[in-house]
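Please open the model in your viewer and keep the sequence panel beside it, since this tour asks you to select residues one after another. Each stop says what to select and then what is there.

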Amino acid sequence: MGIYELITKDISAENETKRVIVSIRILYIIAFFAYVLDTIWVGIDAYKIYPYRTVAVGIMLIAFFMITYCTRTLTAVFLLMLFLFFWILTMIPVYGWSAGMQNYFIIALMMCFFTSHGRLLYKFLYAGFILIIRILTIGLYGGMKSNAGVSGFEDKLLQITNITAVFTAIIFISYYYSRRENEAENKLMKYNNKLKEEANTDQLTGLFNRRKAKEYLAEIKNADFTNGISIAMADIDFFKKVNDTYGHDAGDEVLKFIANLMKEKSRSTTFLSRWGGEEFLVVLPDCNGDNAYIVLERLRTLIENSVIKVGDQEIRITMTFGLTEFGYDMDEEAAIKEADEKLYMGKQNGRNQVVY
């Protein structure tokens with residue numbers, strides 16, 4: 001069994017998640033390395049002066065780690081807290097106050113909030129209990145020198161070891177217990193964005209729908225474009241005949257072909273929307289009517305010369321465009337109405353043209 005499998009092995013208790021247990025095991029491993037390094041830095045003097053407590057900490061650490069494989073989560077959390085309190089309060093006299101053993105109270109505090117699923121009141125009461133113990137620890141041990149004859153260099157090594165262990169534990173706890181929430185939040189944001197995109201997109205053509213088009217026009221009507229804004233309503237000529245002759249599936253393919261062609265041949269700033277049925281709305285920001293006419297006339301010619309293949313059938317169509325400039329003194333409804341009226345004029349005058 002590898003280290004990963006050993007750490008993540010499930011617990012024997014039924015109906016309990018192993019998430020907390022795994023985090024406790026990792027914290028014990030962090031504490032074990034800190035304990036070993038602290039012992040190495042202080043050396044044999046620690047065993048000579050405090051043999052029982054030094055050995056007891058090591059035995060307790062290993063024993064409590066092993067118990068995580070055969071106990072319930074709540075018990076494992078309690079034993080971890082017991083170990084941290086015992087380790088801090090018994091080893092400060094060995095290593096001295098400056099070694100930073102008291103910083104392990106932070107781990108106990110964080111585990112209180114992250115691993116407990118009880119009432120919030122109990123969490124705050126326990127946090128208050130840790131605070132009281134921490135204050136008492138200052139009163140009992142504050143400024144205490146090591147009784148094991150720790151040199152200045154060894155004291156710095158102890159500080160580095162313990163603060164590294166505490167920081168590692170804090171980073172691990174923060175990441176481990178916030179990861180799922182962050183993942184869930186990211187999934188929710190992606191899902192919301194997907195819903196928003198679907199709500200604003202025409203499912204057949206992939207263009208924006210009428211709802212999004214109205215929102216877009218309302219947003220840009222007061223924008224400061226040097227060359228103004230041009231709006232065009234476009235309609236496929238004799239589209240009903242396409243459906244009657246080739247079928248509605250072929251009609252759908254024609255709509256998709258037109259949508260893709262307009263996307264390919266339009267500027268990145270051009271807004272394209274399926275207005276409804278075979279009608280499309282084209283918005284050209286920072287483009288006056290004269291330039292927009294040239295753009296639309298080029299697009300009309302491309303459509304006229306295109307052959308749309310649907311199975312073994314070849315379909316040719318034309319489009320009529322009604323073009324207007326979006327004046328700053330008109331609202332979006334008036335602009336659309338004006339473009340629609342010019343589209344109607346184009347239909348009445350023979351179709352397959354751009355009316356401006």
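Helices and strands are here DSSP runs, of at least four residues for a helix and at least two for a strand, and they are numbered from the N terminus. Counted in this way, the protein has 13 helices and seven strands, and you should keep in mind throughout that the model is a predicted one.

**The whole chain**

Begin with everything displayed as a cartoon. Is the protein more spread out than a compact globule, or not, and why? Its radius of gyration is 37 Å, well over the 21 Å that the globule rule gives for 356 residues, so the protein is more spread out than a compact globule. If you turn the model along its principal axes, the C-alpha atoms fill a box of roughly 105 × 45 × 40 Å.

Now switch on the surface, which comes to about 19300 Å² of accessible area, with 59% of it belonging to carbon and sulfur atoms. Of the 356 residues, 45% count as buried. If you colour the charged side chains, you will find 38 positive and 40 negative ones, and the centres of these two sets lie 9 Å apart. Among contacts between residues at least 6 apart in sequence, 71% join residues that are at least 24 apart.

**Two nonpolar cores**

In soluble globular proteins, nonpolar side chains tend to be buried together. Select Leu27, Tyr28, Phe83, Trp87, Tyr104 and Met111, which touch the most other members of the largest nonpolar core, a set of 57 residues. Among the elements that give two or more residues to this core are helix 2 (19-42), helix 4 (51-67) and helix 8 (152-199). Which helix gives the most? That is helix 5, with 14 residues.

Next, select Val254, Leu296, Ile315 and Met319, which are included in a second, separate core of 30 residues.

**Val254, in the second core**

Stay with Val254, which lies in helix 11 (residues 248-265). Val254 is buried, with a relative accessible area of 0%. Leaving out residues up to four places away in sequence, Val254 touches Ile236, Phe239, Val242, Ile308, Ile315 and Ile317. If you draw a distance from Val254 to Ile315, the two C-alpha atoms are 8.2 Å apart in space, although 61 residues separate them in sequence.

**Asn243 and Lys342**

Move to Asn243 in helix 10 (residues 239-246). Is this residue buried or exposed? Asn243 is buried, because its relative accessible area is 14% and buried means under 20%. Apart from residues up to four places away in sequence, Asn243 touches His248 and Gly251.

Then select Lys342, in helix 13 (residues 332-348), which also counts as buried, at 17% relative accessibility. Setting aside its neighbours within four places in sequence, Lys342 is in contact with Gly322, Leu323, Thr324, Val355 and Tyr356.

**Glu279, at a strand**

For the last stop, select Glu279, which is found in strand 3 (residues 279-285). Show the residues around Glu279 and, not counting those up to four places away in sequence, you will find that it touches Met233, Ala234, Asp235, Ser273, Arg274, Asp340 and Leu343. Finally, draw a distance from Glu279 to Asp237: these residues are 42 apart along the chain, and their C-alpha atoms are separated by 9.8 Å.

Notes. Residues numbered from 1 in each chain as written. Predicted model: local features only at pLDDT ≥ 70, side-chain atom pairs only at ≥ 80, totals over all residues. Heavy atoms only, no water. Rg over C-alpha atoms; globule rule 2.2 N^0.38 Å. Buried < 20%, exposed > 50% of the residue type's maximum accessible area, 1.4 Å probe, protein only. Contact = heavy atoms within 4.5 Å. Areas by Shrake-Rupley, 256 points an atom, 1.4 Å probe, with all protein chains shown as cover. Lys, Arg positive; Asp, Glu negative; His and termini not counted. Charge placed at Lys NZ, Arg CZ, Asp CG, Glu CD. Core = buried A, V, L, I, M, F, W, Y, C linked by side-chain atoms within 4.5 Å.
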